[in-house]
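Q: Please take me through one part of this model in close detail. Start with a single side-chain contact, then work outwards.

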Amino acid sequence: MKGGIILIVAAAAFALTSTLGIWLIPVLRRLRYGQTINDIGPVWHHKKEGTPTMGGVLFAVGILTASCIGWAMYRLGGGAGEPPSDFLLRRDSARFFLGLGMAAAFGGIGFLDDYIKVVKKRNLGLKESQKLILQCLVTACYLTALYAFGDQSTVFFIPFWGILDAGVFYYPIAAFIIVGTVNAVNLTDGLDGLCSSVTFVAALGMMMVCSLLGFHTTGIQATALAGGCLGFLVWNFYPAKVFMGDLGSMFLGGMMVALAFGTGTPVLLALVGIVYVAEALSVLIQRVYFKLTHGERLFKMTPIHHHFEMSGYSEIQITALFSLLTAAGCVLAVLAVRRM
């Protein structure tokens, strides 16, 4: 892919996201769309109460817009090598637009969750069962649409191992990966700048994977994701002036899924998203351990970033540590792809 497109997409996503914050954050304050912290998080997070939330709309707009700009430039530049009239029938184009649509749909679920928290004043938002049903519906629509557009492979690439044809088990496994990733990214959004920083690094890793595998349009999405996360950090880095909310974290989760399925490497999320996996596993392990030991806890608090907080690490230190861990996972992912 031409470097000029990459630069334009990254700059557009960054500029749109960061600039929109100048207008949107005051609007969120006037609407009193502030985070309430009553039932979740460490007690010292109460000082953050009232900070505007739903800020994820900033990078959602920036990423979606920049992605479409990049795709149009790539198509008009003749990079796709196919007749324009056939683009909707092409698998890479289907993956591109279905991926964006799926991410937007997950963001919509997050918006409902945020709306209930902020407007209805129910701090925990949607019930877990309601959220899961909606996520499964979006996942089913996404996988069905991919199949309908010719993406019918049942093969998984297992890093450092090889190819596995899952056959009839492909779609249940794929659905588990999608829903699990979206919820894991959602769990990672618990500290100022944490989820945006980790996802920025993960997006850079996926840019390299796209380059190695020759998935140019998916590379455009990865570039837009990186630029959008960096633009959001202008407002979200400690001390945060706005939170992304579930709207933002679920959208980011959807984008990571779009990149993984867009390159045909969904299992690679275990490496690129190693922090997401750790956050989700910490919650699961804590619950199982709590039940087995009749009330004892393995971690001081979960998700695991709160355990580090209660162990004396600052939010900036945790963000830096988790970003470095993500970078290490990305290096492993790139090495695995190079061995394909």
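A: Start with one pair: the side chains of Arg95 and Asp151 are joined by a polar contact of 2.7 Å. Keep in mind that this is a predicted model.

Where does Arg95 sit? Arg95 is in helix H3, which covers residues 91-118. Is Arg95 buried or exposed? Its relative accessibility is 9%, and buried means under 20%, so Arg95 counts as buried.

Now look at what surrounds Arg95. Leaving out residues up to four places away in sequence, Arg95 touches Leu146, Asp151, Phe215, Gln221, Phe261, Gly262, Thr263 and Gly264. Asp151 is therefore on this contact list as well as being the polar partner.

Next, move to helix H2, residues 56-76. H3 is among the elements that cover the buried residues of H2. The others named there include helix H1 (3-30), helix H7 (216-236) and helix H8 (245-262). Which residues of H2 are buried? They are Gly56, Leu58, Phe59, Ala60, Gly62, Ile63, Ala66, Ser67, Gly70, Trp71, Tyr74 and Arg75. A general point helps in reading such a list. An α-helix has 3.6 residues a turn, so residues three or four places apart point the same way.

Check the length of H2 too. H2 has 21 residues, and at 1.5 Å a residue they should span 30 Å. The end C-alpha atoms of H2 are 30 Å apart, which agrees.

How do H1 and H2 pack? Two packed helices are described by the angle between their axes and the distance between the axes. The axes of H1 and H2 come within 8 Å and cross at roughly 155 degrees. Angles over 145 degrees count as roughly antiparallel, so H1 is roughly antiparallel to H2. The crossing of H1 and H2 is right-handed.

Which residues meet there? On the H1 side they are Ile5, Ile8, Val9, Ala12, Ala13, Leu16, Thr17, Leu20, Gly21 and Leu24. On the H2 side they are Val57, Leu58, Phe59, Val61, Gly62, Thr65, Ala66, Gly70, Met73 and Tyr74. Compare this with the buried list of H2. Leu58, Phe59, Gly62, Ala66, Gly70 and Tyr74 are among the buried residues, and these six names also appear where H2 meets H1.

Go back to H3 and follow the chain onwards. Val119 is in the loop between H3 and helix H4 (128-148). Val119 is partly exposed, with a relative accessible area of 31%. From Val119 to Ile220 the separation is 101 residues in sequence and 36 Å in space, C-alpha to C-alpha.

Further along is helix H6, residues 194-213. H6 has 20 residues and reaches 29 Å from its first C-alpha to its last. That is close to the 28 Å expected at 1.5 Å a residue. Just after H6 comes Gly214, with a positive phi of about 80 degrees.

Last, look at the loop between H7 and H8, two of the helices that cover H2. Pro239 lies in that loop. A cis peptide bond joins Tyr238 to Pro239, with omega about -10 degrees.

Notes: Residues numbered from 1 in each chain as written. Predicted model: local features only at pLDDT ≥ 70, side-chain atom pairs only at ≥ 80, totals over all residues. Heavy atoms only, no water. Helix = DSSP H or I, 4+ residues; strand = E, 2+ residues; numbered from the N terminus. Buried < 20%, exposed > 50% of the residue type's maximum accessible area, 1.4 Å probe, protein only. Polar contact = N/O pair within 3.5 Å; in protein donor to acceptor, adjacent residues only side chain to side chain. Contact = heavy atoms within 4.5 Å. Expected span 1.5 Å × (residues − 1). Axes fitted to C-alpha atoms, helices over the stretch in contact; angles between N-to-C directions. Parallel < 35°, antiparallel > 145°, perpendicular 65-115°, else oblique. Left-handed = near helix turned anticlockwise from the far one by under 90°.
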